[in-house]
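Student: Hello! I am new to this structure and would like to go through it with you, one question at a time.

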Amino acid sequence: MPNPGRDLLRLADSVILPGFVGTTPPDWLRRRLSGGLAGVVLFSRNIAEPAQVAALTSALHAENPAALVGVDEESGEVTRLEAAQGSSRPGSYALGVVDDVALTEELARDLGRDLATAGITIDFAPSADVNSNPGNPVIGLRAFGADPELVARHTRAFVRGLQATGVAACAKHFPGHGDTAVDSHYSVPVVAGEIEEHLSPFRAAIDEGVRAIMTGHLLVPRYDDQRPATLSPHVLTALLREELGFDGVVITDGIEMAAVSGAYGVGGASAMAIAAGADAICVGGERSDEATAVEVRDAIAHAVLEGRLPEERLAEAARRVTGLGAWSAATRAAQRARGGAEEGRAVEGEIGLIAARRAVRVTRRTAARVLPLTVAPQVVEFSPEMNLAIDKGTPWGVGEPLSKLLPGTTVTRLTAEESRAAVLENLIRAATDRPLVIVARDAHRHPWQAEAISHLLTARADAVVVEMGLPERADLGAVHIATYGSARVCGQAAAEVITGTL
């Protein structure tokens, strides 16, 4: 088998979106971009502060003006631009709880302004998944909700708001990751039965003119019982292209995720994805070196030479990716000519905090006057292991904003291993003469949290319980507060409720 020629290697490069390490572009990335690489994906490791991101993206576009610069900025738990301080906007589930499409559109427009200013050209959002399985370990709050019609109308609004700023939206995870109990970072989730309800938000996004759709690494036996959606022509071509009529850019979820790379390798999965109908390969969340980008490029090129990937299919994918890059570049140029990103705000004030406040739901379970608190409380926060889509260093919780409103507040954060009976008893004693605030995060999915909360409430029935994940139960504590998110603004909104300042 002959080695790929320079033109074929360049063609293969034009469908790859790698990650990299550092806050400035490494030499290999500059070289590859000037040689035709499609673009890059930014992660929190690449982001320090707004001016640095703008300088970084400017350097990337100096090498290739049409390069795509993508980021997972869903707001809420999945944030990259605000990973260090926590998101200033709640996630999708909170927006679904409020169910005001004008608010969702305005929040997405506000987010788009920040992304456009930073030089981001495509945002891997929104999550168009219908979270119909409460035990879902990877979607949860990232979805707008569990009702397909609600998810569809907010997906439309988010796409509309984001793309009004010239940033391409990318609805994910096609054909729907909501009805799963397995994280595709580690294994292959199976979506059994009919999936029509899960397709409806993607239909809505397509009708709204979404520029890109991201695949999910899901096995959907209804369409293909052998290959995950990312690698399946039955899903990407027959269903997405032909039946749903989508003609935009299809981008894979991280190709190094075990659900697809486990069986085929990063390079093999990349070539199979392009052959199945994907247009761009996203890689670099876990493997972010030049060798990985070269491995993907060479695997795609060799698949062409070996007849496993028609060159016409690769060329079609490259045209779509290049077209999206050209759209982004033209939009940025038009906005500069107008003096900046799209203007106009439908809501006055800090839109993210407004949305977070509106999403809070309070259940009072006693006639006694529990709130507002006027004495500094003891706060106990239970911290579960989060999925890989969520940056482990992103701040969350109620204790920090509450300590600003009630100086003297003390905060203890416990993991599963630390939530022992002796530790809990010590906390109960420490809070004898003080209010107790218990903060959970998806307690329904973590039995250790439920057990620890029960232990504390046995001694302190007057405690306030704040659920910052999905609130499967509202009958815990004297007062139960559901924030439907753990973003910084969600913690602030809960603290305001607790102190009576909201």
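**Strands, rings and loops**

Student: Over how many bridges do β2 and β3 pair in the parallel sense?
Tutor: Two strands pair if DSSP finds at least two bridges between them, and helices (H or I, at least four residues) and strands (E, at least two) are DSSP runs numbered from the N terminus. One bridge joins Leu42 to its partner Val71 in β3. For β2 and β3, which run parallel, the bridges number 4.

Student: What should I know about the model itself, and from which number are residues counted?
Tutor: This is a predicted model, in which local features need pLDDT of at least 70 and side-chain atom pairs count only at pLDDT 80 or more, while totals for chains, interfaces and linings use all residues. Side-chain values use heavy atoms, with hydrogens and water left out, and along each chain, as its sequence is written, residues are numbered from 1.

Student: Which are the edge strands of the open sheet that has parallel pairing?
Tutor: That sheet has 6 strands in the order β2-β3-β4-β5-β6-β7. Each edge strand pairs on one side only. The edge strands are β2 (39–42) and β7.

Student: Which residue in β7 stands opposite Ala212?
Tutor: Ala212 belongs to strand β6 (residues 212–215), where Ala212 and Met214 point one way, Ile213 and Thr215 the other way, and all are buried (under 20% relative accessible area with a 1.4 Å probe, protein chains only; exposed is over 50%, partly exposed in between). On one side, β6 pairs with strand β5 (residues 168–174) in the parallel sense over 3 bridges, and there Ala171 has Ile213 as its bridge partner. β6 also pairs in the parallel sense with strand β7 (residues 249–251), over 3 bridges. Opposite Ala212 in β7 stands Val249.

Student: What is the average twist from one strand to the next in the open sheet with mixed pairing?
Tutor: This sheet also has 6 strands, in the order β9-β14-β13-β12-β10-β11. Its edge strands are β9 (361–364) and β11 (410–414). The angles are taken between N-to-C directions of lines fitted to C-alpha atoms, and run from 0 to 180 degrees. From one strand to the next, the twist averages 15 degrees.

Student: Which residue in β13 is the bridge partner of Val437?
Tutor: Strand β12 (residues 436–440) and strand β13 (residues 464–467) run parallel and are joined by 4 bridges. In β13, the partner of Val437 is Val464.

Student: Why is the pair of Tyr93 and Tyr484 called stacked, and at what angle are the planes?
Tutor: The structure holds 4 aromatic pairs, counting rings of Phe, Tyr and Trp (its six-membered ring) with centres within 6.5 Å; planes under 30 degrees apart are stacked, over 60 edge-to-face, and the rest tilted. Tyr93, in helix α4 (residues 92–98), and Tyr484, in the loop between β14 (479–482) and α16 (488–499), are 391 residues apart. Both Tyr93 and Tyr484 are buried. The ring centres lie 6.0 Å apart, and the pair is stacked because the planes are at 0 degrees.

Student: Over the face of which residue does Arg441 lie?
Tutor: A charge sits over a ring if NZ of Lys or CZ of Arg is within 6 Å of the ring centre and within 35 degrees of the ring normal. Arg222 lies over the face of Tyr223, at 5.0 Å from the ring centre. Arg441, at 4.7 Å from the ring centre, lies over Trp396.

Student: How far from Cys282 is the nearest cysteine sulfur?
Tutor: A disulfide is a pair of cysteine sulfur atoms within 2.5 Å, and by this rule there are 0 disulfides. Cys282 counts as buried, at 6% relative accessibility. The nearest cysteine sulfur, from Cys170, is at a distance of 8.9 Å.

Student: What is the omega of the peptide bond from Leu371 to Pro372?
Tutor: Pro372 is in the loop between β9 and β10 (378–382). The peptide bond from Leu371 to Pro372 is cis, and its omega is near 0 degrees.

Student: Is Asp442 buried or exposed?
Tutor: Asp442 lies in the loop between β12 and α15 (447–459). Its phi is positive, near 60 degrees, although Asp442 is not a glycine. With a relative accessible area of 10%, Asp442 is buried.
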